[in-house]
Protein chains: 6
Amino acid sequence: MAEKYSYEHFNIAFPQEYVAHVEINRPTQLNAFFEAMWIELGQIFTNLSSDPAVRAIILTGAGEKAFTAGLDVKAASNGLLSDSSSKDSDPARRAVALRREISSFQDCVSTVEKCEKPVIVAMHGFSLGLAIDLSSAADIRICAKDTRFAVKEVDIGLAADVGTLSRLPKIVGNYGWVKDVCLTARLFGAEEALRVGFVSQVFDTKSNAIAGAVELAALMASKSPIAVQGTKELLNWSRDHTVQDGLRYTSIWNSAALQTSDISAALLSGIQKRKPTFEKL
Amino acid sequence: MAEKYSYEHFNIAFPQEYVAHVEINRPTQLNAFFEAMWIELGQIFTNLSSDPAVRAIILTGAGEKAFTAGLDVKAASNGLLSDSSSKDSDPARRAVALRREISSFQDCVSTVEKCEKPVIVAMHGFSLGLAIDLSSAADIRICAKDTRFAVKEVDIGLAADVGTLSRLPKIVGNYGWVKDVCLTARLFGAEEALRVGFVSQVFDTKSNAIAGAVELAALMASKSPIAVQGTKELLNWSRDHTVQDGLRYTSIWNSAALQTSDISAALLSGIQKRKPTFEKL
Amino acid sequence: MAEKYSYEHFNIAFPQEYVAHVEINRPTQLNAFFEAMWIELGQIFTNLSSDPAVRAIILTGAGEKAFTAGLDVKAASNGLLSDSSSKDSDPARRAVALRREISSFQDCVSTVEKCEKPVIVAMHGFSLGLAIDLSSAADIRICAKDTRFAVKEVDIGLAADVGTLSRLPKIVGNYGWVKDVCLTARLFGAEEALRVGFVSQVFDTKSNAIAGAVELAALMASKSPIAVQGTKELLNWSRDHTVQDGLRYTSIWNSAALQTSDISAALLSGIQKRKPTFEKL
Amino acid sequence: MAEKYSYEHFNIAFPQEYVAHVEINRPTQLNAFFEAMWIELGQIFTNLSSDPAVRAIILTGAGEKAFTAGLDVKAASNGLLSDSSSKDSDPARRAVALRREISSFQDCVSTVEKCEKPVIVAMHGFSLGLAIDLSSAADIRICAKDTRFAVKEVDIGLAADVGTLSRLPKIVGNYGWVKDVCLTARLFGAEEALRVGFVSQVFDTKSNAIAGAVELAALMASKSPIAVQGTKELLNWSRDHTVQDGLRYTSIWNSAALQTSDISAALLSGIQKRKPTFEKL
Amino acid sequence: MAEKYSYEHFNIAFPQEYVAHVEINRPTQLNAFFEAMWIELGQIFTNLSSDPAVRAIILTGAGEKAFTAGLDVKAASNGLLSDSSSKDSDPARRAVALRREISSFQDCVSTVEKCEKPVIVAMHGFSLGLAIDLSSAADIRICAKDTRFAVKEVDIGLAADVGTLSRLPKIVGNYGWVKDVCLTARLFGAEEALRVGFVSQVFDTKSNAIAGAVELAALMASKSPIAVQGTKELLNWSRDHTVQDGLRYTSIWNSAALQTSDISAALLSGIQKRKPTFEKL
Amino acid sequence: MAEKYSYEHFNIAFPQEYVAHVEINRPTQLNAFFEAMWIELGQIFTNLSSDPAVRAIILTGAGEKAFTAGLDVKAASNGLLSDSSSKDSDPARRAVALRREISSFQDCVSTVEKCEKPVIVAMHGFSLGLAIDLSSAADIRICAKDTRFAVKEVDIGLAADVGTLSRLPKIVGNYGWVKDVCLTARLFGAEEALRVGFVSQVFDTKSNAIAGAVELAALMASKSPIAVQGTKELLNWSRDHTVQDGLRYTSIWNSAALQTSDISAALLSGIQKRKPTFEKL
């Protein structure tokens, strides 16, 4: 299993049945991202999305210092953030190139959201910039109490562009707070993140946070995959549509999903007070 | 008045002028719902919606144990959740039948939201599955401190399909928490419900919760019904539309509503320090 | 500078470089608004929006008693709220006139949201009715601990129509609370406003709140204006669109914005540990 | 079969297997509608929608003179169009009553669109006002060459409100023509209706138009009902959504529908050069 | 009346009661537009929109050669289209300036669409670029047979940006043709414009086209202004919303509009076979 | 160039500078598609989309008999359309597999729409099923007079699911005709396709149609690629958004695009009466 998931910048492990653990593996550079890394991330989540041996996923960062310090600014200076003058004298042509690069970067981050299985992010240490984009694309965020968050982008002269500004206002219900942290780029800690609902739980240490994430993932993985994956999809659809379109889509979705044998398996095991097993999906 | 509202599975009372109290009445079965009940519920809220003698509504469950334990699974096993093999060999035809059943069920629950008068739900004890769908369609949720909530559906192998997944993310501003409770089906209590904003108030006992609901309903019922019903409608419209479409719709709505005599009645009684009375609506 | 901004009902000051302070100036009447005031307010924010000398704005109310008590009901009784019988015998023609008046009023309030620079509102004392509409159109709300808020409109027989019902549900993630305060018109205090996320911070006194607002504005004004103004715009767009439309719009926006010299200015000053300066915008 | 469908103001016949013919039956009054009629119409189409013996429907008007001359203005003068002064002195309360009446009328007309089976309208003679609302809610419109159409509402002082203004611009791709006929209320004939695409075919006589409608309905009724009803639903969904939402909804819908045995039935009968038969739906 | 409407670049006349005629008046330059002209156009249509003496408007161009040849490219070369190098070294700042200029230009053109009264454009001769933007914002387009149209923008190196690309696909129902003329910038004539539905009628001469426009405007102006203006608004709303949102908006709109005395005036004059008169609006 | 574009099921040629010609190459099977073909098609259009040597594309089918007869039903019987019983006993799991297959198929077809360059489809002979899906995703459709079209899917028991039902109603403005051909699966010819606007031009022979397509493509390829590609994108965005969102998106897009040197190149060559050349894009 793990052999199938051998990557250069990420470690993939399977701590429990049906649970995958993706670890960002560039601890010497605070897990800062460059282009090859987000492309690899996109491949990993695309593969996990349809792997029947996986029913829930956790995402963490290697090392003690950071989940990720965000974009590797030095690397980006030769790419996305490079000086325009050195490249192309026509700002319109430069804009076309930038739009393609940003879209391609966004698509990689969005694989986390599009992944059919629930994704839990466990953060610690520096969790800056891209850390917010990435974790906002996940389903659930938890963290260690030492975590230091920031929507760091305005500090390097740009508006965040791979998801934070589109997803964060729909994750936490405090639009003033979102404006505050996005417009000031200030640091905020685990407790504040918990209070506004950006994270669901705070743990004493990184390893406890990871253990908590595994436990939560294992719980989800023990349920009917038809039910769990349908629930993720329907919640994401509803976020972006009216209640009425949500209800309609739900009725179409469940017109197939309710025909699953998981329902009788779940009901029967409920009566028999035992853990149900569900067919592969 | 109460005679007009005589139903088999619900008790209807009028504890105060302009306030209706709808009680789910199947306490021996933890107020679990079967099809005839949700059809009746739909009829009740449709009738209350246009009854000029009603200006606010509370919804509660009979007995000490539960607001409602949700769907009566045994009854549903012969209907919605029945084994597909026993019915129809063609999954596409079975899907059509299921879609119609789900839509019809959704329509009954949605009468609570479409009811022109504010609806306050006071919960206690077990408040599982359909309890969340129903109360999410209401305007305000309060509860007794013994209430035990769960979005229970994944535990029986399905994604919730009569409103929770469409409405809950728009009621509480903590999308991670919504994902957590919907994907794990875990129980949560009154205090957690209060903290995330699912309920507005927690009372010591069921009877205090009901008294609180009646008081709140009576307060709303004392205001101009033109103003109160317009406010409910405009808030619901705005939830599902852009700010600009919200503003436009509001200006059209109020171009008629501002012509009400309630405004001068309210202003005059304000000056005279007495309680205004408003014409029937 | 201040000369350019001389207005009848508002004081405009510039407490720090790039920071404008707009003060509602009708303290003898609790800063209650009549038509000429909201027209003037619209002109002020339209001008500030494109003034390169301004990068952040704070909005406050003069006097000790109120940020604003809302609409001047006496003045409105001759306009918006006047008795229909005295005006026009045809309710349809009266509706056209009302629609135009409401739309024009809404447009003035919306200049706060459309202003390209961040707007921070610091409230104190009575902050009723229009106070909620106005501050909901701003980016960040803070207040003194003596602030008394109410969505007061139903008490005078109408549904709020210049923004509260469209914006408040998208600012705070507690829809039950929004329904509660909008349907009952009850007062709520600074602490409750903080708890539900309507305000971000509570200060001991009005002057501390203003000082806090200036400090926050100055922080935003010290960042790249390309980054800050882009962030405000992208967050507002995303509030009203799907995540996917948000991502697409962001990539188009940043295809021009990433070509700014602010990025190298910001990166260089970061390396050199000094405060960057940015070209006019 | 026909006994099940006995109505006061409509004749229902079954000219071919799986084809229902609904005839408006008030020829002495040019088939003009009053409230009881549109309520009955709504019941008829709701019933046909789920009747497995029906796979396509045609709608026509009795008598030689008119498909329908529209609203019975005399009857409406006591209801929808009655003088406001005689009813309620409060324009806001009158508006509530009107809104409920209009919505209820709209819901009846919309049953034609919501009907799961294709609906073909064959018109002749006067086809005014409500004739356009009704036929716009159908799937296909054909007519006799003597048909005289008009969006008549502005001639009686009102904007059409039961569907024409919402549906007509989405049916014909000539927005200038839609504006023209809606703003002038002028008559237009069969040829013009054909040229702009409002009708698909023009026949010499009413009886030929009906025969053509039956033939078209019979053709649709001979196809897989899973395929035909899915196609109607997906086209209607797509009209009101983006291409991307259309594609997504289609993939969910067909994930159940492609499991039908109709596909192998259709393929096999294609090979065997015979007419397929499909299970009831 | 005409005195009230004295403008520098436009002639305003009132050929019939309630009908305004706006003529673009720069014939020596083929009525090509520069900034002061579109600002003036915006003012004119804003004023006409609320003038009770006006119920329908026609828009034409002075001189024999052109309705308008579009943007005055020479003038624009110093503004919108000026060489970027000469202005600002920072493409991001230049983008902000351009965005403001484009938005402001768009707003002027959109006053034609937002005008509460129907607008009929009668074109002749060269009708290029901005001619398409402007006429697409109107309700009805007619032309003389000598008219030569082109969506000219790609020929000067840009995508049309003041409305053609947003409105044209919603006016004519032939998306391939829209792509063709927008991507090739080719000329097309009156007959082709009629065939695809871009214009509603073709007249032999310019003066006949104007006479036709006046006649059509006069017809609309003879109807109830409550009905006509409501119809324009509801059609424009429906173009941009789902059928369901269209129906809902219509029911709210008409809940006030149906209270008009115009209905009884129209019905009575119908019975009495005389022309109704309607109160000012 | 052509070497770079060597594919198994398609021939790629470059008949003119900047013009690519993609030919479906399975003439012995009427160019019917199986899975490997649509995957290859997706790769081709993704590559062409960003190739600076390509500015316009034409798509045709090899052989005399067919553009494409659609899905290769025999091949599909082992995949998408295979008998469900042979695969998976759980209809919900089968639905998941089907949804993934349909989505992946849709994504391949959508590469034609997402391709940044204009795509012109020239059809001839049988153009069934997938031929409509594919050509509807293109910008412009032309055909030979022998072309026989059909939305064939209902004849094999399914609703078209890779784009026709989502795109066709937005391409032709005759919704009744769309319903007719989609619900009956009947054949229609070149003349009918021209009349309803599905194709823009009809040519005598296949080779003339291809010559016409090349000429049209060459014309587009001679224009500023910044202007042409922006126009395609803005038209596609506007199709799926309100006019207001269209205008806003346009202003953002052009805030970068107007900074192109193509404008001065185009203007200068216009003055000098010579053909402009534009930088690579």
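## Helix H1 of chain B, the B–E pair and the domains of chain A

In this predicted model, the buried residues of helix H1 of chain B are B:Met37, B:Trp38, B:Leu41, B:Ile44, B:Phe45 and B:Leu48. Seen down the axis of H1(B), these buried residues fall within an arc of 115 degrees, so they line one face of the helix. The helix itself runs over residues 35-49 and has 15 residues. From its first C-alpha to its last, H1(B) reaches 21 Å, close to the 21 Å expected at 1.5 Å a residue.

The buried residues of H1(B) pack against three strands and one helix of chain B, listed here.

| Element of chain B | Residues |
|---|---|
| Strand S1 | 10-16 |
| Strand S2 | 19-24 |
| Strand S3 | 56-61 |
| Helix H3 | 91-114 |

Next comes the relation between two chains. A turn of 180 degrees and a shift of 0.0 Å along the axis lay chain B on chain E with an RMSD of 0.0 Å. The two copies are thus related as by a two-fold rotation axis. Within chain B, the residue that comes closest to this axis is B:Ala256, with its C-alpha at 2.6 Å. Of the interface residues of chain B, 100% are also interface residues in chain E, so the copies meet through the same surface.

Chain A is described by its domains. Its domain assignment gives domain 1 (3-221) and domain 2 (225-271), and the C-alpha centres of these domains lie 27 Å apart. Eight residues of domain 1 of chain A are in contact with six residues of domain 2 of chain A. On the side of domain 1 that touches domain 2 in chain A, there are two nonpolar, no polar and six charged residues.

Terms used
Residues are numbered from 1 along each chain as its sequence is written. Chains are lettered from A and ligands numbered from 1 in the order in which they are written. This is a predicted model: local features need pLDDT of at least 70, side-chain atom pairs count only at pLDDT 80 or more; totals for chains, interfaces and linings use all residues. Helices (H or I, at least four residues) and strands (E, at least two) are DSSP runs, numbered from the N terminus. The expected span of a helix is 1.5 Å times one less than its number of residues. A residue is buried if 20 or more other C-beta atoms lie within 10 Å of its own, exposed if 12 or fewer, and partly exposed in between; C-beta atoms are placed from the backbone. The arc is that of the directions from the helix axis to the C-beta atoms. Two residues are in contact if their C-beta atoms, placed from the backbone, lie within 7 Å. Copies are superposed by least squares on the C-alpha atoms of residues with pLDDT of at least 70 in both. Domain bounds come from an automatic or database domain assignment. Ala, Val, Leu, Ile, Met, Phe, Trp, Tyr, Cys and Pro count as nonpolar, Asp, Glu, Lys and Arg as charged, and the others, Gly among them, as polar.
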